[in-house]
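Trainee: Got a minute to go through this one with me? I'd like to know how each label gets earned.

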Amino acid sequence: MKIISQTDKDFDQIIESTLKKRCGEIDNKVEGAVRKIILAVKQKGDLALFEFTNKFDRINLNSANIQISAKEIQSAYTKVPKKNINALKRAASRIKNFHRLQKEKSWKFKEATGTVLGQIIKPICAVGLYAPGGKAAYPSSVLMNAIPAKTAGVKKLILCTPTPRGAINPYVLIAADIAGVDEIYRIGGAQAVAAMAYGTKSIPRVDKIVGPGNIYVATAKKLVFGTVGIDMIAGPSEIFIIADGSGNPEFIAADMLSQAEHDEQAIPVLTTTSRQLANKVISELKSQTKRSARSQIIKNSLKKNCKIFLVKNLKDAALISNSFAPEHLELAVKNPYRLLKLIDAAGAVFLGHFTPEAIGDYAAGPNHVLPTGGTARFFSPLGVYDFYKRTSLISCNKAGLKNLAEPVINIAEIEGFHAHAEAVRVRVQGIKKF
């Protein structure tokens with residue numbers, strides 16, 4: 001790791017190459033394999049679903065055992081420490097309280113001519129949630145995906161999670177139960193996404209699919225988009241920290257490692273106005289990595305993706321951050337609210353020296369499903385609003401129709417749609433008959 005200074009000749013070039021590196025490339029081999037899985041499930045339904053599950057997860061499924069029973073869910077509570085259950089419940093409570101504030105209502109208004117315009121807000125009817133299984137299980141993601149859906153009023157929320165060799169992660173089941181998931185199925189991979197998108201005899205078809213997964217799951221979500229809605233295509237986890245001389249090197253290094261431990265593709269970036277701080281952070285990264293249980297993953301992530309930028313001032317740091325539009329942005333500065341005014345794009349912002357990104361991952365309340373790879377420029381965190389469908393409402397009386405007839409007829413004829421114009425004209429001409 002070396003410090004990249006704003007005075008270096010290749011500084012802008014390094015920034016640009018770092019930005020380009022985050023853009024995900026299509027893996028044609030993976031996409032080809034996923035297309036075959038999706039087509040097989042679409043055509044053969046349960047038969048293909050059971051075959052793929054046997055092949056990949058080494059478990060024999062049938063229509064009788066594919067759904068995880070209520071008894072199995074309740075049994076999960078007996079397999080883990082009570083303090084961990086309480087932690088999940090406390091996190092769930094905070095997530096619910098935050099997301100309740102995002103609820104939307106239908107609205108309408110009446111113009112002077114009598115025309116009524118408005119918007120009808122209704123929850124999506126059925127949502128499918130994917131949750132990784134086995135060792136890579138994340139109950140926090142179950143809470144973050146399921147709670148906004150239920151808060152929006154989604155009536156049917158199902159969850160699909162792989163159970164390799166029959167192993168069920170108890171925390172996934174507990175989190176799903178706490179969040180109000182209606183049905184849980186022991187299937188995973190691209191085949192689970194396909195089953196939720198098209199429906200099989202055993203798996204109900206849904207309207208939207210959310211939740212994290214490996215490259216096969218992410219590719220499957222991408223390919224079924226349009227048949228169903230999806231949340232987003234998540235890239236590698238990333239953290240961008242802006243720090244001045246008041247920053248604590250130990251804290252900053254710890255937060256960078258909290259992202260680096262996700263996987264080797266994770267991207268930890270520090271931009272600071274203090275060379276002294278940068279040097280101390282580098283020392284802390286080295287010493288803390290040695291103590292980490294995931295040290296090899298962290299080493300590879302730091303080697304491949306870690307960047308430490310030295311800039312002249314915080315305004316320049318904010319400009320670089322805005323070009324990154326990072327998933328997680330920490331403002332480890334003396335006056336974080338002042339700097340916040342310069343920030344245009346970020347998935348989530350963590351202010352001050354005592355707000356680690358990990359707080360947002362688990363128990364603060366805001367959603368941790370965030371846009372990655374610079375997509376915070378136009379995407380938002382997952383929320384209640386992602387589980388609504390909006391319908392426009394239009395109602396004209398005779399006066400309202402006459403008021404709008406002229407511009408509608410004119411524009412329709414400009415575009416060559418004479419039948420559109422006539423549909424309005426015949427009504428205006430027939431007003432006196434009614």
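Trainee: Let's start with Thr372; what does Thr372 touch, leaving out residues up to four places away in sequence?

Mentor: This is a predicted model, so keep that in mind throughout. In it, Thr372 touches Ile233, Ala234, Gly235, Pro236, Glu238 and Glu327. Thr372 itself sits in the loop between helix 15 (357–362) and strand 14 (388–395).

Trainee: And why does Thr372 count as buried?

Mentor: Buried means under 20% relative accessible area. Thr372 comes in at 5%, so the label fits.

Trainee: What makes Cys125 "partly exposed"?

Mentor: Partly exposed runs between the 20% limit for buried and the 50% limit for exposed. Cys125 has a relative accessible area of 45%, so it falls in that middle class. Cys396, at 39%, lands there too, and therefore is also called partly exposed.

Trainee: How do you know that Cys125 is in no disulfide?

Mentor: The structure holds zero disulfides. For Cys125, the nearest cysteine sulfur belongs to Cys160 and is 18 Å away. A disulfide needs the two sulfur atoms within 2.5 Å, so that pair doesn't qualify.

Trainee: Over to helix 3 (residues 46–57): how do you know that its length agrees with what a helix should span?

Mentor: The expected span is 1.5 Å times one less than the number of residues. For the 12 residues of helix 3 that gives 16 Å, and the end C-alpha atoms are 16 Å apart, so the two agree.

Trainee: Which residues of helix 3 are buried, and what do they pack against?

Mentor: The buried ones are Asp46, Ala48, Leu49, Phe50, Phe52, Thr53 and Asp57. They pack against helix 2 (28–44) and helix 8 (189–198). Just after helix 3, Arg58 takes a positive phi of about 55°.

Trainee: Now the empty space. How many cavities of 30 Å³ or more turn up in the whole structure?

Mentor: Two. The largest cavity has a volume of about 40 Å³, and the second largest holds about 30 Å³.

Trainee: What makes up the lining of the largest cavity?

Mentor: Arg22, Glu238, Ile239, Phe240, Ile267, Val269, Phe324 and Pro326 line it. Strand 9 (238–243) and strand 10 (267–272) each supply at least two of the lining residues, and strand 9 gives the most, with three. Glu238 is also on the contact list of Thr372.

Trainee: Why is the class count for that lining six nonpolar, no polar and two charged?

Mentor: Arg and Glu count as charged, whereas Ile, Phe, Val and Pro count as nonpolar. Arg22 and Glu238 are therefore the two charged residues, and the rest of the lining is nonpolar.

Trainee: What about the lining of the second largest cavity?

Mentor: Gly133, Thr161, Pro162, Thr163, Ala167, Ile168, Asn169, Val172 and Leu173 line the second largest cavity. By class that lining has five nonpolar, four polar and no charged residues. Gly counts as polar, so Gly133 goes with the polar group.

Trainee: Zooming out, what does the chain hold in helices and strands?

Mentor: There are 17 helices and 14 strands. The C-alpha trace spans about 85 × 60 × 45 Å along its principal axes, and 49% of the 434 residues count as buried.

Trainee: And what share of contacts joins residues at least 24 apart in sequence?

Mentor: It's 75%, taken among contacts between residues at least 6 apart.

Terms used: Residues numbered from 1 in each chain as written. Predicted model: local features only at pLDDT ≥ 70, side-chain atom pairs only at ≥ 80, totals over all residues. Heavy atoms only, no water. Buried < 20%, exposed > 50% of the residue type's maximum accessible area, 1.4 Å probe, protein only. Helix = DSSP H or I, 4+ residues; strand = E, 2+ residues; numbered from the N terminus. Contact = heavy atoms within 4.5 Å. 1 Å grid on protein atoms, 1.4 Å probe; cavity = no way out; pocket = protein on both sides within 12 Å on 5 of 7 lines; lining within 4 Å. Points joined across faces, edges and corners; volume = space filled by probe spheres on them.
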